[in-house]
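Biologist: Got a minute to go through this model with me? I'd like to hear the reasoning behind the labels.

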Amino acid sequence: MAIDSDVLVAGGGLAGITAAVAAAREGADVRLVSYKASTLRQASGLIDALGYVPPTEPAKALREGPPTAGRGVDPDEWPDPDGPLADPFAAIDRLPADHPYRVLGADALRDGLALFDDLVGDAYGGSHTDRNALVPTFGGSVKPTARYPRAAAAGLASDDTPTLIVGFRSLTEYDARAFADRLTAAGVPFPVAGVEVEFAEAFRADAKITRTARALDADEPIDGTPAREALSKAVAPHLHDIVDGDGGVDRVARVGFPAFLGDDHAAEVRADLADRLGADVFEVPMGPPSLPGLRLEDRLYDALDREGVRFETGNPVVGVETAADGRVDSVTVSRKGREVPYAADAFVVATGGLVGKGIESDREGVREPAFDLHVPHPDDRYEWFVDDAFGEQPYARFGVRPNGRAQPLDAAGEVQYGNVFAAGSVVGGADVAREKSASGVSLATGVVAGVEAARTAAGAETTDAATEASQ
Amino acid sequence: MNEAADVIVVGGGSTGCGVVRDLARRGLDAVLVEKGNLTHGTTGRMHGLLHSGGRYAVSDRKSARECIEENRVLRDIASHCVEETGGMFVKRPEDDEEYFQEKLEGCRACDIPVEVIDGEEARRREPYLARDVEKAIVVPDAAVDPFRLCVANAADAHEHGARIETHAEVVDVLIEDGAVVGVAVEHRSGPGKRVHRKPGTREEIRADYVVNATGAWAGQLGDMAGVDVEVRPSKGVMTVMNTRQVDTAINRCRPKGDADIIVPHETACILGTTDEEVTDPEDYPEEEWEVDLMIETLSELVPVLKEARTLRSFWGVRPLYEPPGTGTDDPTDITRDYFLLDHDERDDLPGMTSIVGGKLTTYRMMAESITDHVCEKLDHEATCDTAEAPLPGSDDFSVLRDYMEEFGVRSPIGRRSVQRLGSRADDVLNGTDPNPVVCECEGVTRAEVQDGIDAAGSDLNAVRIRTRASMGNCQGGFCTHRIAAELAQQYPEPVVRDAEDELYQERWKGQRHALWGRQLSQTMLNHLLHATTMNRDGDPAGLDGDVAFDAFDAGPGTDAASGTGSPDGTAATDGGVDGDR
């Protein structure tokens, strides 16, 4: 049986889901195929839009020719980034001209955020303002973000509420004392202390954080004490740990935990702990596997269902069939080793970037494997990087380059296929890591690609109908 | 502190560590000074082959005999540093049959045990060997961990009264009345363990004798003493693969050439190498063609290498030396033998000897010979016992116990910890509870990291070489911050931060040479984790300007949230203070 739809979206991350919903809301019949678990589970669950405009030139040339042994890089030689930015929209003009925000326009970001707000409802905060919030990171810093999970809301840094950061001795991701000292070094306006407590030791020393989350969800007993009670008992003795400059003691009014306070019943776990501790409770987003990322993924897939998008996972797009007019007829999906054509009137490529393998490379070059879209990059792979790990890394901007309608361009700057649109990390031109713009780029490109794909498909149907009528 | 020692050893590579151990065990008061970490120069930048001697059996039988002799000694005294992988010299159709026979005869003449196997048998033992490998000579090569070996030598020296100073760079050789009487060093962070942000100090250390064991840097120390040491540094690349494509050290059986060896090492394989003379042992180009050559040429022996993931590449500098007047142009022709240069005899400068040339496999023998020489100079009579006395970690240890229950860690991790620690396992692993895994790629637990910190201070590269933490697939992406967090038990925040940044940049350096395919994917993930999720690059603590916190969203219902402040935050002076409370 032929598989056919108006719009086919390849890729099931934030960008693919956004594009699929945006296309469906334009009235298109949408199908989404994704290969692997999305990289959402590796992301913090924060929705960054634009937090910094990083410098694109070092203060002085670092080297000519190949890297050399022994010559260290002094990060102080790099100029500071522009930021943290309170207003992401006002800074878009200061980004490089080929940045997706510049190419698609600031309204694309607004539309993307609005769609996101609509999909997640009250699970996220931040939609009441254009401004970024500053949220503590598990690296002990704060970072600007446009939307934050409810679980992180009590932790916003623009607040003078005395704060306790809790770490667990069996959790190696951070040390809470260094975390608190780092926040103070970052100049946060609240007094803060850190404490390492015994709690998760009750589980095996190297149990995954998801194990702890499940225990809190179910409030299962640990050595006879229910998990939530055990956790609050471990923290309670430290609610007066903040000592001010005069030797006085402040009672903390909010407590930050690593982001594993429950999974299915996270809000209930937080409320219960807050009640027991007499303080607000917030989560600090962590690295992979990230519970806030997983919770967002669940929520977005529920949204896909509600919007009537058909989706299937586990099968990669391995190639395309093109028609004579330079449009894509169908993509080839590999299903258990069998190659099946999926036809559509328009396609969205949202297969991910270097991490999601939507962009691949070898020693010879960089490519987009599914549609063979053009990915500009230096011929010499020793020009893909600079010597400072956090410098202006060319590899970080690898990806396809779109026009204002999110259509990927070929080497000559021409639209490569009239009915193909790109969204998410497969799109290059941004250094989303240093800019803190990953989610915003996915949302902005996703919404434009989805809408444009739907309109293209609608145009194709009109043309087909006209052709049929004339016959 | 300024009382004269008997001997100062300059250089903390295998030679220097071996010499200071031998001196200390013979009852001399010895000080070792090293400008970086132990192994920082050449020793930590080699492929980790413990030679059987087979490699030199045709061209240099003296070296070959020394190798097999020391190979046997190290299996005995340094068992926790050696993995008995065995080795093969494999012959491809285009490789010279006559040379194969010469190699075989050479090995036999040097008492290196050999076995000849056909291609089929070679592939049975190493399934990834190329289909057209015709036959192989099996030799007792092994893999050695040069870091563990040096640290164990230094630890033993310390137990016998020696003083070990790392991050102590010699800035002058003290000469009085025409004789060397000591050295002046700059301690990067005072004497003792390195701690970031602790101010540096200068110290003059006096001694009756100075040993220049700085290898490729010997010329530089010679210059400070006003003598010429004609060392010819020669660089070579090593490329680290993400897995063990082979479990045996694979050598190409042909006369000499680049890219002719693959050494399995812990979780990885190391491909080597090139041989190019350089002028400065610390500043030379690390070139793309060298990495490509490793992969292209060695995939003739093991074809899967062409598609395999490389983690990083690193370069080392051989301390080659040739006696004046030999006139060799090609560094591959220079002997691998070692030489003692007695500057009294050579240059009329008593009080100092340089040791140059040589190789890791024979480090102990070199150390013995220079210690003999120093004892003679100092008129000190004592017997060398370094060939019999086991190194710390290798004594009295024969059974790998099941450490799962005992130390509360999963069995494979406990096993790997014990393999690394050898007989020190009980001391190190006992008493850390809980003992979570810090580095997942290499299975390194908190106890080992804390043990490394106890020995090395806040220098996480020194912790790395002791534990292997951050040396696996993620190259520190998932664990640099975790290792640094372990410092927080002893050190304040700024020290933790500096140490973390230093390790992260060090791990990045080698990955630059592996930036394609899956490692580029890993690199991007690391970049996202550290820049996006942690915001290490944009941390306000590291920026010059202050952040106007009140210009940011403080939650619904706050002033800043209502957008009344100016976009740059300068007017939003009262926003967000109380939130919505």
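**Rings and helices, label by label**

Modeller: Let's start with A:Phe179, which is buried at a relative accessible area of 2%. Keep in mind that this is a predicted model.

Biologist: What makes A:Phe179 count as buried?

Modeller: The cut-off for buried is under 20% relative accessible area. A:Phe179 has 2%, so it is buried. A:Tyr174 has 4%, so it is buried as well.

Biologist: And why is the pair of A:Tyr174 and A:Phe179 called edge-to-face?

Modeller: A pair of aromatic rings is described by the distance of the centres and the angle of the planes. Here the centres of A:Tyr174 and A:Phe179 are 4.9 Å apart, and pairing needs them within 6.5 Å, so they pair. The planes are at 75°, and over 60 degrees counts as edge-to-face, so that's the label.

Biologist: Then why are A:Phe390 and B:Tyr504 called stacked?

Modeller: Their planes are at 10°, and under 30 degrees counts as stacked. The centres are 5.2 Å apart, within the 6.5 Å limit, so the two rings pair. This pair crosses between chains: A:Phe390 sits in the loop between β20 and β21 of chain A, while B:Tyr504 is in helix α16 of chain B.

Biologist: How do you know that A:Phe390 and B:Tyr504 are buried?

Modeller: Again the limit is under 20%. A:Phe390 has 13%, so it is buried, and B:Tyr504 has 9%, so it is buried too.

Biologist: What makes α16(B) roughly antiparallel to α17(B)?

Modeller: The axes of α16 (residues 493-511) and α17 (residues 517-533) of chain B come within 12 Å and cross at roughly 160°. Over 145 degrees counts as roughly antiparallel, so the label follows. The crossing is left-handed.

Biologist: Which residues make that contact?

Modeller: On α16(B) they are B:Tyr504, B:Trp508 and B:Gln511; on α17(B) they are B:Gln519, B:Thr523, B:Asn526, B:His527 and B:His530. They divide into two nonpolar, six polar and no charged. B:Trp508 also turns up in an aromatic cluster with A:Tyr382, A:Phe385 and A:Tyr395.

Biologist: One last label: why is B:Glu97 partly exposed?

Modeller: Partly exposed lies between the 20% and 50% limits. B:Glu97 is at 33% relative accessibility, so it counts as partly exposed. B:Glu97 is found in helix α3 of chain B and touches B:Lys91 and B:Lys135, leaving aside residues up to four places away in sequence.

Definitions and conventions
Residues numbered from 1 in each chain as written. Chains lettered and ligands numbered in written order. Predicted model: local features only at pLDDT ≥ 70, side-chain atom pairs only at ≥ 80, totals over all residues. Heavy atoms only, no water. Axes fitted to C-alpha atoms, helices over the stretch in contact; angles between N-to-C directions. Helix = DSSP H or I, 4+ residues; strand = E, 2+ residues; numbered from the N terminus. Parallel < 35°, antiparallel > 145°, perpendicular 65-115°, else oblique. Left-handed = near helix turned anticlockwise from the far one by under 90°. Contact = heavy atoms within 4.5 Å. Nonpolar A, V, L, I, M, F, W, Y, C, P; charged D, E, K, R; others polar. Phe/Tyr/Trp six-rings, centres within 6.5 Å; stacked < 30°, edge-to-face > 60°. Buried < 20%, exposed > 50% of the residue type's maximum accessible area, 1.4 Å probe, protein only.
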